[in-house]
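User: Please take a close look at one helix in this model and at how it sits against its surroundings. I would like one connected account.

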Amino acid sequence: MKTTVIIPTFNRPEWLEETLNCFEHQVLDEGNEYDVIVVSDGCDRTVEWFKESKFADNDLFRIYNSRCYERYGIRLCWNIGVHFSDADQIITIADDCLVNDRYVRYHQHFFEPYGMLMGKLTHVHPEYHHKVLIPDSRF
């Protein structure tokens, strides 16, 4: 099964970097795969940052710019991400969410192919990130 993680963003590369770091080394079951599509809501600053970042040379990550300078918002970004995905499953996540290294694996186990997952956002102070990102040994 292939999963695409879609991350809409607007002008927050410093937060986006932390989120992308979490997706760099996901642990998956054999035969499963994933990729990450970042969609910038018309912000060239984020696109330029991405092109200069370590993620630009990693085939796991792709970025698209909605080129809508009037900011059409998160729904357009989701649609662009879905359009460019070739996955069996889609997960959307905010550009400031931190996940553990089994996040994608968990969703591949418990959610149907051809589904889309959207969840609740909870902000955690950076001082506590190390406690939140502990891998869940059940998966």
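Analyst: What follows deals with helix 1 and the parts around it in this predicted model.

Helix 1 spans residues 13-23, and its buried residues are Pro13, Leu16, Thr19, Leu20, Cys22 and Phe23. These residues lie on the same side of helix 1, because they cover an arc of only 165° around the axis. The cover over them includes three strands, namely strand 1 (2-9), strand 2 (33-40) and strand 3 (61-65), together with helix 2 (44-52) and helix 4 (103-110).

The helix also takes part in the largest nonpolar core, which has 22 residues. Leu20 and Phe23 are among the residues with the most contacts inside that core, as are Val5, Ile7, Val36, Phe61 and Ile93. Two or more residues come from each of strand 1, helix 1, strand 2, helix 2, strand 3 and helix 4. Helix 1 gives the most, with four residues.

Val36 shows how these pieces meet. Leaving aside residues up to four places away in sequence, Val36 touches Leu20 and Phe23, and also Val5, Ile7, Leu60, Phe61 and Arg62. Val5 in turn has Ile91 of strand 4 as its bridge partner. Strand 1 and strand 4 run parallel and are joined by four bridges. Strand 4 (residues 89-92) is covered on both faces, with Gln89 and Ile91 buried on one side and Ile90 and Thr92 buried on the other.

Phe23 has a further role in the aromatic pairs, of which a search of the whole structure finds five. Phe23 pairs edge-to-face with Tyr103, at 5.9 Å centre to centre and 85° between the planes. Phe23 lies in helix 1 and Tyr103 in helix 4, so the pair ties together parts that are 80 residues apart in sequence. Both Phe23 and Tyr103 are buried. Another edge-to-face pair is formed by Trp49 and Phe50, with 6.4 Å centre to centre and 65° between the planes. Trp49 and Phe50 are buried as well, and ring pairs link them with Phe55 and Phe61 into a cluster.

That leaves the cysteine of the helix. Cys22 counts as buried because its relative accessibility is 12%. The closest cysteine sulfur is that of Cys97, and at 9.4 Å from the sulfur of Cys22 it is too far for a bond. Disulfide sulfurs would have to lie within 2.5 Å. Cys97 is likewise in no disulfide, and at 13% relative accessibility Cys97 also counts as buried. The structure as a whole holds zero disulfides.

Note on methods
Residues numbered from 1 in each chain as written. Predicted model: local features only at pLDDT ≥ 70, side-chain atom pairs only at ≥ 80, totals over all residues. Heavy atoms only, no water. Buried < 20%, exposed > 50% of the residue type's maximum accessible area, 1.4 Å probe, protein only. Arc of directions from axis to C-beta. Contact = heavy atoms within 4.5 Å. Core = buried A, V, L, I, M, F, W, Y, C linked by side-chain atoms within 4.5 Å. Pairing = 2+ DSSP bridges. Phe/Tyr/Trp six-rings, centres within 6.5 Å; stacked < 30°, edge-to-face > 60°.
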